[in-house]
2 protein chains.
Amino acid sequence: MMAAVTALTLEDITAARHALGQRIVTSPVHEWEGPALSERVGPGTRVFLKLELFQRSGSFKARAALLNMLRLTPAKRLRGVTAISAGNHAIAVAYAARELGVHARLVMIKTANPFRVEQCRKFGGEIEFAADAHAGFARAAEIERQEGRTLIHPFEGVVTATGTATLGLELCQQVTALDAVIVPIGGGGLCAGVASAVKLLQPRCVVFGVEPEGADSMHRSFAAGEPCSIERVATIADSLGAPYALPITFELCRRNVDELVRVSDDELRQAMRLMQRECKLAVEPAGAAAMAALLGPLRGKLAGRRVALIVCGSNMDTATYAALIGQ
Amino acid sequence: MMAAVTALTLEDITAARHALGQRIVTSPVHEWEGPALSERVGPGTRVFLKLELFQRSGSFKARAALLNMLRLTPAKRLRGVTAISAGNHAIAVAYAARELGVHARLVMIKTANPFRVEQCRKFGGEIEFAADAHAGFARAAEIERQEGRTLIHPFEGVVTATGTATLGLELCQQVTALDAVIVPIGGGGLCAGVASAVKLLQPRCVVFGVEPEGADSMHRSFAAGEPCSIERVATIADSLGAPYALPITFELCRRNVDELVRVSDDELRQAMRLMQRECKLAVEPAGAAAMAALLGPLRGKLAGRRVALIVCGSNMDTATYAALIGQ
């Protein structure tokens, strides 16, 4: 049973970027250069980092959270929103809620990074903790039902994909003639949008999706031909730890992503270290996933090409970050 | 005994930026936003980070190294260059030498960060190690004499200041109506140039220079009214560890810097941690010095203002960086 064909249009994406306006930063693109690039990826390769970790709220999640909330009726805005999140989506919803004067009651998983909890609170989000993702989704659904709040989904939905597609739109305007773009996949909301925009604007650009080995729901879904769950999430990239794919996101990825690859925790850590030294960026594991794919499973395949990496975000306390890049 | 009055002109600085051309990146400016800014600095404050750590060679040093070498006669280029450096200047000279097809024999202090040594080698620099700064300066002078090479000074000289002034020129073009700019000082070459450019282009902008407590040669020189040495350099900001001021740099700073402040090692570490969490940047201590000044000695003074921080560079291996931001 497939969902009806879903596709984003350039008109929708452009309108979404316009609607987001100044509440969203057009995140800069920084070209990674230097001797290590040639050694690691191959001579003549151009690598463009889309620095979405400089986005408000510290990740791309602000785009879709804000777009979803902008499209709520005044009556719904008045009743408030809820969300379930390992962290970055909660911060984004809290940020968007503050921007629009909406109340946000957020469910965070109790293992959420302390910096994310703190950021969320600083934006005015009211937080409840859940034991795990299952309990959290259940509690958010309960809040939705009991309080009449709107659930802002962390990755599923056409509006969500349209929101993340604005990142792809910007990228294609910032860098011409890309040969490849590498996009991290958790639930796939980022990739669904970015891949759609890239295929509309630079159709010859190959889109790679990258998942952690321990959270590869999109791989399994592609193999099965339908959205699948995984039994257990086990990755240091907690921001990419979605336990399942969902239909709209799955379909947009299936139609617009050329190839999926997986990276190990060790490859993620190596990429974090390289980005600290070479790119001067302090990124959480998810933010290093595209680099990990470039240096790992895609090594050699993109030599001499024009490649964009989506550095999707970073929100992490110093102790955790230092431990991840340290021994 | 004062040197003759030295001043840079806007014409010289603009010509220098033009001469550097595409060999130097116009480093982006990123505005630091988010709840912590308001808490730490005061509501309504705008903080613009000049991301010179994205410069080729990883620091601002590339600007002056390249400009100095562009101005060498063909005969001098053929005889090669030498330099003495704790690291970043050596990388910059190696980078510039490779760009211009010049041979570089570089003296690095043996405690130089291993990433800096590696970067320097990767750009083709030939390296000798010296026990300390004194021995290093002596050896570089010897190489200069014996081999007829040109010594590219790490901070002194009108051409050097004109090179670093191109950073100030860019900043003033990127951000209008600044109230203050905070510039790290080691030998003062960066500050001499940036302060000169800022006073030419935005004369109402207040220029603060920041030194580590354990390497405050410019403070002592300002107090004495002439360039002074310090007995002992003791700071985690090794890139700011110049043992003395020199006349041209001193005079340009004295004429264009409004106020000097000092930051402790602990303030530098705190600023590094904050930049990791809040700004998503992995910076060595020198790169965090301007932030440390904003949050430390200048705290409260710049609330509600438009402030630029010069994030002057970062080249550091992962283990050292992790240890500095960790416990």
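**View 1. B:Arg56 is partly exposed, at 21% relative accessibility.** This is a predicted model, and here we zoom in on a salt bridge from B:Arg56 to A:Glu33, whose closest N and O atoms sit 2.7 Å apart. A:Glu33 is partly exposed too, with a relative accessible area of 30%. Across the interface of chain A and chain B, the rule turns up four salt bridges. Search the whole structure, over all chains, and you get 42. The Arg56–Glu33 pair crosses between chains: B:Arg56 is in the loop between strand S2 (46-51) and helix H3 (61-70) of chain B, while A:Glu33 is in the loop between strand S1 (29-32) and H2 of chain A.

**View 2. Chain A meets chain B through 32 residues from each chain.** Three of chain A's residues, A:Phe54, A:Lys280 and A:Thr318, supply 25% of the area that chain A buries against chain B, more than any other three. Together the two chains bury about 2,700 Å², with 60% of that on carbon and sulfur atoms. Polar contacts come to 16 residue pairs between the chains, counting pairs with both residues at pLDDT 80 or more. On the chain A side, helices H2 (35-41), H6 (114-122), H12 (265-279) and H14 (318-325) each chip in at least two residues. H12(A) gives the largest share, five residues. Sorted by class, that side has 15 nonpolar, eight polar and nine charged residues.

**View 3. A turn of 180° lays chain A on chain B, with a shift of 0.0 Å along the axis and an RMSD of 0.0 Å.** That's the relation of a two-fold axis. The copies meet through the same surface, since 100% of chain A's interface residues are also interface residues in chain B.

**View 4. A:Glu170 and A:Arg63 join side chains in a salt bridge (2.8 Å, N to O).** A:Glu170 is in helix H8 (residues 158-174) and A:Arg63 in helix H3 (residues 61-70), so the pair ties together parts of chain A that are 107 residues apart in sequence. Both partners are buried.

**View 5. A:Arg116 and A:Glu284 form a salt bridge, the closest N and O atoms being 3.1 Å apart.** A:Arg116 belongs to helix H6 and A:Glu284 to the loop between H12 and H13, so this pair links parts of chain A 168 residues apart in sequence. At 1% relative accessibility, A:Glu284 counts as buried. Beyond its neighbours within four places in sequence, A:Glu284 has contacts that include A:Asn88, A:Asp238, A:Met272 and A:Asn315.

Notes: Residues numbered from 1 in each chain as written. Chains lettered and ligands numbered in written order. Predicted model: local features only at pLDDT ≥ 70, side-chain atom pairs only at ≥ 80, totals over all residues. Heavy atoms only, no water. Contact = heavy atoms within 4.5 Å. Buried area = accessible area lost by both parts, 1.4 Å probe. Polar contact = N/O pair within 3.5 Å; in protein donor to acceptor, adjacent residues only side chain to side chain. Helix = DSSP H or I, 4+ residues; strand = E, 2+ residues; numbered from the N terminus. Nonpolar A, V, L, I, M, F, W, Y, C, P; charged D, E, K, R; others polar. Buried < 20%, exposed > 50% of the residue type's maximum accessible area, 1.4 Å probe, protein only. Least-squares fit on C-alpha atoms with pLDDT ≥ 70 in both.
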